[in-house]
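Q: I've got a model open and I'd like to learn to read its strands, cores and pockets. Can you walk me through it?

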Amino acid sequence: MRAAIFILTSMMFSMMVFGQQHQPRTFLFVPGAWDGGWDYAKVDSILSKKGDIVYRPTLTGLGERVHLSNANINLTTYVTDIVNVIRFENLHNVILVGHSYGGMVISGVAEQVPDRISNLIYLDAMVPNDGESAKDVCGDLWDKVMVPFIKDTVMLYPFGPTKNIYPTDVPQPLKTFTEPLKIRNPLVKNIPAVYISMTKNGKPANEKMGYSRAKARNWKIYNLKGGHYAMREQPANLVKKLEEVLQDQNR
């Protein structure tokens with residue numbers, strides 16, 4: 001009897017201690033161009049083991065939703081994809097993370113549901129101004145890097161390494177890159193925003209499209225050494241960096 005009471009007391013104490021140490025957080029990851037929610041499976045696993053709640057939706061026409069791809073999909077479609085996840089799952093205090101092109105999407109999402117978002121994290125991402133499209137953010141890099149991979153004037157094909165088996169990157173509708181984004185909601189400024197910059201030889205990899213723009217906004221910038229796809233190449237380190245960001249903001 002005493003042994004049973006001791007075990008029960010220990011369990012209750014552990015639950016109290018762990019409950020104080022880590023309250024579940026809600027992460028919502030928005031992939032970059034040509035990518036899908038599948039790319040965040042390892043990050044999801046690490047965070048879920050900590051007790052966090054993770055959403056990693058795939059945008060319409062990409063990833064496992066590639067069968068829905070069509071030329072009429074635009075940036076509005078993608079923003080609606082994520083806004084609807086937040087609304088239909090009834091999410092609040094969302095830590096919204098956008099990678100690369102996903103910076104365009106989370107900027108649009110913040111315009112519509114700023115009251116649902118606790119943190120905006122731009123992961124080596126595009127940082128748009130009002131009235132800009134992804135093409136505009138790319139600037140002169142669009143003609144140099146993107147144009148050669150436009151096929152049939154409706155799709156932009158991935159120019160990085162792809163695989164012949166799934167999961168892999170897939171073509172993305174061109175309108176998602178050319179539709180401008182309106183950024184005018186004053187409430188967005190109340191959301192803490194930070195930038196995680198992937199670095200090579202100590203220098204930001206995405207300087208013009210993201211890093212310099214985040215710096216101009218006086219956002220706090222965190223550096224993570226490595227390639228553009230941290231979730232693929234070093235998911236554990238990415239989670240550590242996210243933890244660092246959130247710990248700093250909770251101080």
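**Reading the fold, piece by piece**

A: Happy to, and keep in mind that this is a predicted model. A small sheet makes an easy start: strand 6 (residues 155-156) pairs with strand 7 in the antiparallel sense over two bridges. One of the residue pairs to look for is Leu 156, whose bridge partner in strand 7 is Gln 172.

Q: In what order do the strands of that open sheet run?

A: The order is 5-6-7, three strands with antiparallel pairing. To read edges, look at how many partners a strand has. Here strand 5 (150-151) and strand 7 are at the edges with a single partner strand each, so each has one side without a neighbour in the sheet.

Q: Gln 172 has come up already. Is it buried or exposed?

A: Gln 172 counts as buried because its relative accessibility is 0%. For a polar residue like this, check next what its side chain meets. A polar atom of the Gln 172 side chain lies 2.7 Å from the backbone nitrogen of Trp 34, and a polar contact of 3.0 Å links the side chains of Gln 172 and Thr 176. Leaving out residues up to four places away in sequence, Gln 172 also touches a set of residues including Ala 33, Leu 62, Tyr 78, Tyr 101 and Phe 177.

Q: Now the other strands. How many residues of strand 3 are buried?

A: Six of the six, so strand 3 is largely enclosed by the rest of the structure. The general idea to bring along is that side chains in a regular strand alternate between the two faces of the sheet. In strand 3, Val 94, Leu 96 and Gly 98 point one way, while Ile 95, Val 97 and His 99 point the other way, and all are buried.

Q: Which strands pair with strand 3?

A: Strand 1 pairs with strand 3 in the parallel sense over five bridges, and strand 4 pairs with strand 3, also parallel, over six bridges. To find the register, use Phe 27, whose bridge partner in strand 3 is Ile 95. Ile 95 in turn stands opposite Asn 119 in strand 4.

Q: And where does strand 8 fit in?

A: Follow strand 4 (residues 117-123), which runs parallel to strand 8 and is joined to it by four bridges. Leu 120 has Ala 193 as its bridge partner in strand 8. Moving on, strand 8 and strand 10 (residues 220-225) pair in the parallel sense over six bridges, with Met 198 opposite Leu 224 in strand 10. Strand 8 (residues 193-200) is mostly covered, with seven of its eight residues buried.

Q: Which strand runs antiparallel to strand 8?

A: That's strand 9 (residues 203-204), joined to strand 8 by two bridges. Lys 200 stands opposite Lys 203 in strand 9. The two strands form a hairpin with two residues between them, and Asn 201 in the turn has a positive phi of about 55°.

Q: Let's try a helix. How do I read the burial of helix 4?

A: Count its buried residues, then ask what covers them. In helix 4 (residues 102-112), 10 of the 11 residues are buried, so the helix is largely enclosed by the rest of the structure. Among the buried ones are Gly 102, Ser 107 and Glu 111. The cover includes strand 1 (26-30), helix 3, strand 3 (94-99), strand 4 and helix 5 (134-138).

Q: Which residues touch the most other members of the largest nonpolar core?

A: Of its 48 residues, those are Leu 28, Ile 82, Leu 96, Tyr 101, Val 105, Val 109 and Leu 120. Helix 3 (residues 75-88) supplies the largest share of this core, seven residues. Another core, of 23 residues, lies apart from it, with Phe 27, Tyr 222, Leu 224 and Met 231 among its members. As for Leu 96, its contacts beyond four places in sequence include Leu 28, Ile 82, Val 109 and Leu 120.

Q: Last one: how much space lies in the largest pocket, and what lines it?

A: About 580 Å³ of space lies in the largest pocket. To place it on screen, start from the residues nearest its centre: Trp 34, Ser 100, Phe 159, Met 209 and His 228, out of 23 that line it. Helix 6 (residues 141-146) gives the most to that lining, with three residues. You can also link back to the start here, since the backbone nitrogen of Trp 34 lies 2.7 Å from a polar side-chain atom of Gln 172.

Terms used:
Residues are numbered from 1 along each chain as its sequence is written. This is a predicted model: local features need pLDDT of at least 70, side-chain atom pairs count only at pLDDT 80 or more; totals for chains, interfaces and linings use all residues. Side-chain values use heavy atoms; hydrogens and water are left out. Buried means under 20% relative accessible area, exposed over 50%, partly exposed in between (1.4 Å probe, protein chains only). A polar contact is a pair of N or O atoms within 3.5 Å; within protein, one must be able to donate a hydrogen and the other to accept it, and residues adjacent in sequence count only if both atoms are side-chain atoms. Contact means heavy atoms within 4.5 Å. A nonpolar core is a set of buried Ala, Val, Leu, Ile, Met, Phe, Trp, Tyr and Cys residues joined through side-chain atoms within 4.5 Å. Two strands pair if DSSP finds at least two bridges between them. On a 1 Å grid over the protein atoms alone, a cavity is a set of points where a 1.4 Å probe fits but cannot get out, and a pocket is an open set with protein on both sides within 12 Å along at least five of seven lines; lining residues have an atom within 4 Å of a point. Grid points are joined across faces, edges and corners, and a volume is the space filled by probe spheres set on the points.
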